[in-house]
Amino acid sequence: GYYAVNTTSSTRLNTSLDDLASSTTIVTKEMMSDFAMLDINDMFAYEAGTEGSGTFTDAAVDRNGSPIDTTSTNPNVANRVRGIGNANLAIGNFASNGFVPVDPINIDGVEINRGPNSSIFGLGEVSGTVNLQPSTANVLRNRTSIGVRADSYGGHRESLDLNRVLVPGKLAIRGSAVYQHEGFVRRPAGVDSVRLNAMVRIQPFKTTSLTASYSKYRSYGTMDNKT
């Protein structure tokens, strides 16, 4: 459902939210699916103390005095937390450069941590940290998920997610693929993106798991800087 009890943000330990004196919100995979959230800007539209490209324009001036609209040139970092600046991004509590946009196909949840809350060690920017919990293969059951989506201006998205148990309780593999076309008001502007993910999980003992994953992302097209 939408309710998450524990988080690994702030302390990097599996900690109950009730025990943390920090402003932390967890967006679950089910919520991302029900609200059609596809990136960090979609999530920030529903959270408190956060602003995405839909409610915030990240404008700046370069060294030549020319205005720059980061919202159109790099929408992945055109956000603001606590009214200070953009949040730093982490995947499994490891810092990420944010060049690859957030997508729900290969994550199980998003932990939004507002403020410098690395109480033990790890990440803790002044604005906040967005930590993505990566998906893994499931060694207990097979699963197949197919998704199709269409939106305004000719945009569409097709996704496939497969999980197969090779040895029950011991070994499983998982693969997912996404093709997405994002359309704009002004033609012929449009962006196409392709994602491929592969995951394997080995659980030799009850309390021991070994996971590995591979991801490929490609985006090409032309953004509409007036949209």
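**Close-ups of a predicted model**

Asn93 counts as buried, at 14% relative accessibility. That is where this set of legends starts, and everything shown here comes from a predicted model.

**View 1. Asn93, tucked into a loop between two strands.** The loop in question runs between β8 (88-91) and β9 (94-96). Asn93 falls in the buried class because its relative accessibility of 14% is under the 20% cut-off. Look at the backbone here too: phi of Asn93 is near 70 degrees, a positive value in a residue that isn't glycine.

**View 2. Tyr153, another non-glycine residue with a positive phi.** Here phi comes out at about 60 degrees. To find Tyr153, look in the loop between β12 (143-150) and β13. Is Tyr153 buried or exposed? It's partly exposed, with a relative accessible area of 45%. The strand after this loop, β13 (residues 156-167), is where confidence is highest in the protein, at a mean pLDDT of 96.

**View 3. A cis peptide bond between Arg187 and Pro188.** Omega for this bond is about 10 degrees. Pro188 sits in the loop between β14 (171-183) and β15 (190-205), so that's the stretch to follow when you hunt for the bond.

**View 4. Asn14, out in the open.** With a relative accessible area of 63%, Asn14 is exposed, since that value is over the 50% cut-off. You'll find Asn14 in the loop between β1 (6-7) and β2 (15-16). Which residues does Asn14 touch, leaving aside those up to four places away in sequence? Asn6, Thr7 and Thr8.

**View 5. Ala36, in a loop between two helices.** The helices on either side are α1 (29-34) and α2 (40-44). Ala36 counts as partly exposed, at 35% relative accessibility. Setting aside residues up to four places away in sequence, Ala36 touches Asp42 and Arg149. Asn86 is a useful second landmark: Ala36 and Asn86 are 50 residues apart in sequence, and their C-alpha atoms are 22 Å apart in space.

**View 6. Helix α3, the place to read with care.** In the protein, confidence is lowest in helix α3 (residues 70-73), at a mean pLDDT of 67. Where pLDDT is low, the predicted coordinates shouldn't be read in detail. For the protein as a whole, pLDDT averages 84, and 91% of the residues score at least 70.

**View 7. Stepping back to the whole protein.** There are 3 helices and 16 strands in the protein. The radius of gyration is 19 Å, close to the 17 Å that the globule rule gives for 227 residues, so the protein is as compact as a globular protein of that length. Taken along the principal axes, the C-alpha atoms fill a box of roughly 60 × 40 × 30 Å. How much of the protein counts as buried? Of its 227 residues, 37% do. Among contacts with a separation of 6 or more, 57% come from residues 24 or more positions apart.

**View 8. The surface and its charges.** The protein exposes about 12,800 Å², and carbon and sulfur atoms supply 54% of that area. As for charge, there are 21 positive and 21 negative side chains. The centres of those two sets lie 7 Å apart.

Key:
Residues are numbered from 1 along each chain as its sequence is written. This is a predicted model: local features need pLDDT of at least 70, side-chain atom pairs count only at pLDDT 80 or more; totals for chains, interfaces and linings use all residues. Side-chain values use heavy atoms; hydrogens and water are left out. pLDDT is the predictor's confidence in each residue, from 0 to 100. Helices (H or I, at least four residues) and strands (E, at least two) are DSSP runs, numbered from the N terminus. The radius of gyration is taken over C-alpha atoms; the globule rule is 2.2 Å times the number of residues to the power 0.38. Buried means under 20% relative accessible area, exposed over 50%, partly exposed in between (1.4 Å probe, protein chains only). Contact means heavy atoms within 4.5 Å. Accessible areas come from the Shrake-Rupley method with a 1.4 Å probe; for residues, only the protein chains shown count as cover. Lys and Arg count as positive and Asp and Glu as negative; His and the chain ends are not counted. The place of a charge is taken as NZ of Lys, CZ of Arg, CG of Asp or CD of Glu.
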